[in-house]
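Reader: Got a minute to go through a model with me? I'd like to talk about charged pairs and backbone angles.

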Amino acid sequence: MTKSELKETPFSYRPILTIPTDINFGLEIEIEDIDHDLIVKQVQEEFGTSFKVKKDVSLRKDYNAEIITPVLQNTRKTWEMLKKLTDLIKTLNPTYDNCSFQINYDASLLPTIDDKVRFLKLFAVYEDIIYRFSKGEDEEYRITMSEYAAPIMPVIKEYKDKADDEYLVEEFTSIKGSGVNFKKRIKDLIEFRTPNGTHNIVLWQNYITTFYYLLKLATNPNVDKKELDKYIDEFNQLYILEFYEQENIPKALELSNMLFINEKDKINFMKQYTGIQK
């Protein structure tokens, strides 16, 4: 798959994704430089009170909002609704200097401790690919990313051999500033936090698709944990974010082939990873 081939393939909205239609997920969309009262009014008029809008203390600009969706599923109706939401946000001309796009999945997608640990190691090993993919339309990571969506590789390296699996999982349940976390709520959740925010509906679709298939891959016992451990042990990059900025096409292709069966999913992933989003 060459860059010229990627350029020839449209990067476009899809009426429904390839993930199962019964998968539950929820979104948290952070935006800045907007009229908070106006967006509260507009969201509730258009979508009802099941969509929540609040101020977010983690955002550095006073004029901000976080839009929290109800539980959603991969249906045409859902995507029609989310398309309307992104169109509404676009009219406000927000900025995303300190923002993230967050996805919550039901924790039942990783039913065992072994699945959770395999997921954390997979994420750490391919974190350079995932973070570059998750930059979205931006050329750089947001300033506050290290506070609110920090890479997990340093934590995985520190605790991999020092603690048992339960302790490692608990680390990512108690800390809230990582790119992935396990959230204890009324219903347990798995949270992904992207480095940068966006209202681009195609990026939303790519994030939801990619992170679901990453969770699914983590439940496969055939994933070679020895190879994951070897990579983690040998990882010695001091300047992680600078390393994550570097393009690694072979590794990105490797991950896309592990995650996706559908060719369109593979192409969308690679177009976003390489920055070819036209």
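Author: Below we chat about salt bridges first, then backbone phi. This is a predicted model, where local features need pLDDT of at least 70, side-chain atom pairs count only at pLDDT 80 or more, and totals for chains, interfaces and linings use all residues. Residues are numbered from 1 along each chain as its sequence is written, and side-chain values use heavy atoms, with hydrogens and water left out.

Reader: Cool. How many salt bridges does the structure hold?

Author: There are 16, counting a side-chain nitrogen of Lys or Arg within 4 Å of a carboxyl oxygen of Asp or Glu.

Reader: What does K225 pair with?

Author: K225 bridges to D114, with the closest N and O atoms 2.7 Å apart. That pair links distant parts of the chain, 111 residues apart: K225 is in helix α10 (225–234) and D114 in helix α4 (113–125). Helices here are DSSP runs of H or I, at least four residues, and strands are runs of E, at least two, numbered from the N terminus.

Reader: And K183 with E191, buried or exposed?

Author: Buried: K183 has 5% relative accessibility and E191 has 2%. Buried means under 20% relative accessible area, exposed over 50%, partly exposed in between (1.4 Å probe, protein chains only). Their closest N and O atoms are 3.3 Å apart.

Reader: Switching topic, which residue between α3 and β4 has a positive phi?

Author: N93, at about 55°, although it is not a glycine. N93 is exposed, at 61%.
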